[in-house]
Amino acid sequence: MSHALAGDGINFSFFNLLWSKSNNNDDSRAPLLRVPDTVIFLFGVANQWFFTSKNGGPNRDQTMILRKRRTNLTLENIEEVFLAKASSRGTVGDDDIVAYFIEQGRGDSESGQSCSNAIEYFSPRSLHDFLQSCSKTNKSGILQRFINPHGSRHNSQIRAIWTPKLCLQERRRTKQELHDTRFALFERAITFDGPEIHSVSLPLRGTVLAGRIQSICTEISKHITKVVQEDTTSRRRNDVDNAFLGVARMVVNFKVDGNGRIWILWSDSVRLESMPRNNTSILSKLEPSSPVQGSVSEPLNMDTLVELPPSTKLSQLPNHSKTSKLDNKMKVASCPSCNKEGFDLHFQAVTYKTIMQHFESTLDMLSSHEESHPSKIWPPDDRFVKAAGGIGFGKLSTQLAHDREMQSTERVTEESRNISPVIRQVNPKLRVKGFEMYRNDPSFLFKTCFVCEDCYLAYAQLTSSNFMITRPVEIAFEGNTTSHPVPPPKNKRVHKRNPENDTNMTRHLFEKAPEIPDAITEPPKDDD
């Protein structure tokens, strides 16, 4: 059984182990570790709340990581504390960043795919909305208070890849200023969690800050090793397959605040060093100062696992309009061609001319046979729509139902047969008379309609082939009612075999032995 700390992505055990106290406090005092207010949500319910207090320890004079009581785990208390600590550095505006939520990813460990964790930043208003709706979303993750960065102009973050013999550190800083309201919330906050074009990589100059981060990583490793080993020895040995030796490698994210204090944010990946339980007899024979080499099952994952959700919209251009509201969420729109929903930012423009050519080519294919003529069968069968690329008819059924409500006397209107359903969806008031007037007008032909990427690629493929639409092949079967039934096979005359004829033929073949010609012993003579 492996420890719950080992793995990739946001790990709740990491905060639990930082908070846990070691029973052996004789060697030295507890390490000085700082964690911002971190609330762990399990299925939409606040489960644990960790914070850093200046009044910890037995004498109430140490800076320690503490955990709040269950009675304080209310949504109102969480919002009040987060906003109160954010206002301690000044007045909190409506567009200021006060917190962020990192949702725990759902990766498949058996397939070896690493799980990505989606991060979302909150203003005071969006934090209130999130806390009121978290019980309905059933999300699991951590809600962490935003730490004002060093310098207070740009948000920055440090990522450390730590091993006992090496510590690689990288710092990224946002391009946009933290309080520049011409940009949306995410553009002013993302570092490692967003596209690299929105942030810059900066070196850690000097040895003071890098040395402090490396020493904090070492203290984290020692503290976790001591706590886990004490917990392992307190349990029965049969419950654990491997003997825990320590933290082998880990990726931890840090932040430096305005006062120069270093805060531990979260860990991206942790690997443990262990030894099989049947080999632990070796440990008793070694001296305490002797190094022990264990085994690490998997390599460390150094990829960025905390990322923005796919529905995030980012922009590099400032917004100078005071009336427009900035938002990082993409709007969900319905494609007028296939009736599928998607993010409007991914929609592409297609001209009316292309849509009309596709619709007319489809009508020509249907009119080539009397059984599928549009005047008899409308809407067309699904196999004909699929042969036409599977596009252009997604909204047809909805339009037909609306036409029956408006004109109950006619089953199919003239607009439905003559105007493409895509153009009708974009221009619902367009009639046949107006369409015939504008169908040859260049200004009308080169107007555009936005469709999803799949429909755009299908239109592009049909345009390159000059809209050559092949009619689907109709396969006949028993009870076939299609327009092209396969004629039944003709009766073939079967020759009846007579056994007596077979016997006579056999006798005729083997009554006499075959005659063999004489062998040629001499070469032919030439004529004189």
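Okay, helix α2 to start: residues 75-87, 13 of them, should span 18 Å at 1.5 Å a residue, and the end C-alpha atoms do sit 18 Å apart, so the two agree. The expected span here is 1.5 Å times one less than the number of residues. When I say helix or strand, I mean DSSP runs, H or I with at least four residues for helices and E with at least two for strands, numbered from the N terminus. Before I go on, this is a predicted model, where local features need pLDDT of at least 70 and side-chain atom pairs count only at pLDDT 80 or more, while totals for chains, interfaces and linings use all residues. Residues are numbered from 1 along each chain as its sequence is written, and side-chain values use heavy atoms, with hydrogens and water left out.

Back to α2. Its buried residues are Asn77, Ile78, Glu79, Val81, Phe82 and Ala86. Buried means under 20% relative accessible area, exposed is over 50%, and partly exposed is in between, with a 1.4 Å probe and protein chains only.

Now the whole chain. There are 14 helices and 17 strands, and buried residues make up 40% of the 528 residues. If you take contacts with a separation of 6 or more, 67% of them join residues 24 or more positions apart. Contact, throughout, is heavy atoms within 4.5 Å.

On to the cores. In soluble globular proteins, nonpolar side chains tend to be buried together. The largest nonpolar core in this model has 49 residues, and Tyr121, Ile220, Phe254, Ile264 and Trp266 have the most contacts inside it. By nonpolar core I mean a set of buried Ala, Val, Leu, Ile, Met, Phe, Trp, Tyr and Cys residues joined through side-chain atoms within 4.5 Å. Elements giving two or more residues to this core include α1 (12-19), β6 (117-122), α4 (208-234), β11 (242-256) and β12 (262-276). The largest share, seven residues, comes from α4.

So what does isoleucine 220 touch, leaving aside neighbours within four places in sequence? Its contacts are Phe14, Leu18, Leu33, Met250 and Ile264. And there's a second, separate core, with 36 residues, including Trp378, Val385, Val412 and Cys455.

Staying with α4, serine 221 is in that helix. Buried or exposed? At 9% relative accessibility, serine 221 counts as buried. Not counting residues up to four places away in sequence, serine 221 touches Trp162, Val247 and Met250.

Two acidic residues next. Glutamate 273 lies in strand β12 and is buried, with a relative accessible area of 17%. Its C-alpha is 9.7 Å from that of alanine 6, and those two residues are 267 apart along the chain. Aspartate 257 lies in the loop between β11 and β12, and is also buried, at 5% relative accessible area. Leaving out neighbours within four places in sequence, aspartate 257 is in contact with Ile147, Asn148, Pro149, His150 and Trp263. The C-alpha atoms of aspartate 257 and serine 152 are separated by 8.4 Å, with their positions 105 residues apart along the chain.

Right, helix packing. The axes of α6 (residues 352-367) and α13 (residues 453-464) come within 11 Å and cross at roughly 70°. Axes are lines fitted to C-alpha atoms, for helices over the stretch in contact, and angles run from 0 to 180 degrees between N-to-C directions. That makes α6 roughly perpendicular to α13, a label that covers 65 to 115 degrees; under 35 counts as roughly parallel, over 145 as roughly antiparallel, and the rest as oblique.

Who makes the contact? On the α6 side, Thr354, Ile355 and His358; on the α13 side, Tyr459, Leu462 and Thr463. Those divide into three nonpolar, three polar and no charged. The classes are Ala, Val, Leu, Ile, Met, Phe, Trp, Tyr, Cys and Pro as nonpolar, Asp, Glu, Lys and Arg as charged, and the others, Gly among them, as polar.

As for α6 on its own, the helix has 16 residues and reaches 22 Å from first C-alpha to last, close to the 22 Å expected at 1.5 Å a residue. Its buried residues include Tyr352, Met356, Phe359, Leu363 and Leu366.

Last, some backbone oddities. The peptide bond from tryptophan 378 to proline 379 is cis, with omega near 10°, and proline 379 is in the loop between α6 and α7 (382-387). Phenylalanine 43 has a positive phi of about 55° although it is not a glycine; phenylalanine 43 lies in the loop between β2 (38-42) and β3 (45-56) and is exposed, at 60% relative accessible area.
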